[in-house]
Amino acid sequence: MRITHNVKLLLFFFLISLLLTVSAGESKCECSHEEDEGNKAGARKYKIAAIPSVLVAGVIGVLFPLLGNFFPSLRPETNFFFVTKAFAAGVILATGFMHVLPEGYEKLTSPCLKGEAWEFPFTGFIAMVAAILTLSVDSFATSYFHRLHNKTSKKIGDGEEQIGGGGGGDVLGLHVHAHGHAHGIVGVDSGESEVQLHRTRVVAQVLEVGIIVHSVVIGISLGASQSPDTAKALFAALMFHQCFEGLGLGGCIAQGKFNCMSITIMSIFFSVTTPIGLAVGMGIASSYNESSQTALIVQGVLNAASAGILIYMSLVDFLAADFMHPKMQSNTGLRIMAHISLLIGAGIMSLLAKWA
């Protein structure tokens with residue numbers, strides 16, 4: 001089932017690439033600018049160097065939190081992991097507010113989009129709808145696993161009652177009652193833990209979808225860019241961008257305790273989306289027009305939806321869940337360090353918005 005989900009993610013990635021590519025042949029709007037061949041050649045060398053660099057940065061970022069399987073200090077229950085996850089949450093929150101949402105506003109309020117319909121604030125509306133849909137997925141998935149666990153617990157409870165009432169007298173009934181009482185708390189804890197584990201896995205998969213959408217868009221945009229100055233600035237900025245986003249996603253994957261195959265597939269998906277987007281953008285650079293109406297609408301909608309997902313996930317599933325965690329609430333020092341880490345992560349990513 002997990003493999004089927006990952007196949008759907010792959011198809012989803014190619015669909016986004018296709019939607020962004022169809023705008024390549026459209027006529028240019030008055031807002032577009034022609035670049036000379038020298039600029040194109042100068043930008044190309046930075047884009048070629050960016051492909052392996054961004055790939056390596058993404059791999060390092062997403063795999064770092066997964067090293068907890070080998071280094072006990074990096075496991076999800078440690079203080080260091082809480083602080084690291086707060087940093088990653090700040091990065092994802094700033095990505096949504098400072099990188100993706102402004103990009104969506106820029107695309108969907110472009111003067112190249114004619115008509116009164118575009119006076120409506122579609123960017124905020126789409127981001128809001130995406131956040132609500134993410135909440136719905138989160139809520140219904142959690143509810144489903146709760147019901148599934150309750151049904152299983154009820155079946156086990158009915159089985160124990162039948163054994164207890166069958167000719168064994170008070171001695172057997174007492175034994176069953178004592179057994180149930182002794183292990184009841186453990187059963188509840190393990191059941192709640194299992195539900196939480198399933199929910200964490202859903203969170204990781206939804207977060208990856210939001211990041212993949214953003215990664216494809218930014219990769220194709222950079223690959224199609226013809227400005228050497230823009231490509232040079234984005235070259236360094238994207239490396240940090242990919243590494244920090246990978247840190248947040250890797251932490252979520254680590255908490256989900258996926259099997260080795262799922263971890264590998266999810267890590268590969270994240271790591272290659274931006275480099276592939278770069279390659280696609282370079283391939284269509286000669287005919288791609290980012291000022292065409294189709295390109296503006298597709299990129300604006302995808303950026304707005306991605307922003308809604310990232311903002312919701314960072315605030316609700318990362319920050320609220322961790323900062324209200326009993327371990328965080330009972331440890332003032334850890335709480336202070338987590339707040340500092342959050343501010344540093346958000347601050348660094350906000351500074352990177354100047355270039356990417």
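**Talking through an all-helix model**

The secondary structure of this predicted model comes to 10 helices and 0 strands.

Colleague: OK, starting broad: what share of the residues of the protein counts as buried?
Modeller: Buried here means under 20% relative accessible area. The protein has 356 residues, and the share of them that counts as buried is 46%.

Colleague: And how much area does the protein expose, and what share do carbon and sulfur atoms supply?
Modeller: The exposed surface comes to about 17,800 Å². Of that area, carbon and sulfur atoms supply 68%.

Colleague: UniProt has some annotation too, right? Where does it place the feature "transmembrane region"?
Modeller: That comes from an unreviewed entry, so take it as a record, and annotations of this kind may be inferred rather than shown by experiment. Two of the listed stretches can be checked against the model: residues 122-145 are 100% helix with end C-alpha atoms 34 Å apart, and residues 297-320 are 100% helix with ends 33 Å apart. The full UniProt list is 48-68, 80-102, 122-145, 202-222, 265-285, 297-320 and 332-353.

Colleague: Now the inside. Which residues have the most contacts inside the largest nonpolar core?
Modeller: That core has 43 residues, and α3, α4, α5, α6, α7, α8 and α10 each supply at least two of them. Apart from it lies another core of 10 residues, including Phe-244 and Met-349. For the largest core, the residues with the most contacts are Leu-207, Leu-249, Ile-253, Met-313 and Phe-318.

Colleague: Take Ile-253 from that set. What does Ile-253 touch, leaving out residues up to four places away in sequence?
Modeller: Ile-253 is one of the best-connected members, in that it is listed among those with the most contacts inside the core. Its partners beyond those sequence neighbours are Val-62, Leu-66, Ala-204, Phe-258, Ile-263 and Met-266.

Colleague: Which salt bridge links distant parts of the chain?
Modeller: A search of the whole structure finds 2 salt bridges. In one, Glu-103 and Lys-107 meet at 3.6 Å, N to O; these two are 4 residues apart in helix α3, so about one helical turn separates them. The other joins helix α8 to helix α3 across 237 residues of sequence, and its partners are Asp-322 and Lys-85.

Colleague: Are Asp-322 and Lys-85 buried or exposed?
Modeller: The cut-off for buried is under 20% relative accessible area. Asp-322 has 8% and Lys-85 has 7%. Because both values fall under that cut-off, Asp-322 and Lys-85 count as buried.

Colleague: And in the Glu-103 and Lys-107 pair, which residue counts as partly exposed?
Modeller: Lys-107 has 7% relative accessibility, so Lys-107 counts as buried. At 25%, the partly exposed partner is Glu-103.

Colleague: Which residues does Phe-97 touch, again skipping those up to four places away in sequence?
Modeller: Phe-97 is in helix α3 and counts as partly exposed at 41% relative accessibility. Its C-alpha lies 9.1 Å from that of Gly-308, though the two are 211 residues apart in sequence. The residues Phe-97 touches are Pro-102 and Ile-311.

Colleague: Last one, on the surface: how much accessible area does the nonpolar patch with Ile-344 have?
Modeller: Ile-344 sits in helix α10, residues 332-352. A patch member needs over 30% relative accessible area, and Ile-344 is partly exposed at 43%. Together with Ile-336, Met-337, Ile-340 and Ile-348, Ile-344 forms a patch whose accessible area is about 420 Å².

Notes
Residues numbered from 1 in each chain as written. Predicted model: local features only at pLDDT ≥ 70, side-chain atom pairs only at ≥ 80, totals over all residues. Heavy atoms only, no water. Patch = residues over 30% accessible without salt bridge, like charges linked within 9 Å, V, L, I, M, F, W, Y side chains within 5 Å. Areas by Shrake-Rupley, 256 points an atom, 1.4 Å probe, with all protein chains shown as cover. Salt bridge = Lys/Arg side-chain N within 4 Å of Asp/Glu carboxyl O. Buried < 20%, exposed > 50% of the residue type's maximum accessible area, 1.4 Å probe, protein only. Core = buried A, V, L, I, M, F, W, Y, C linked by side-chain atoms within 4.5 Å. Contact = heavy atoms within 4.5 Å.
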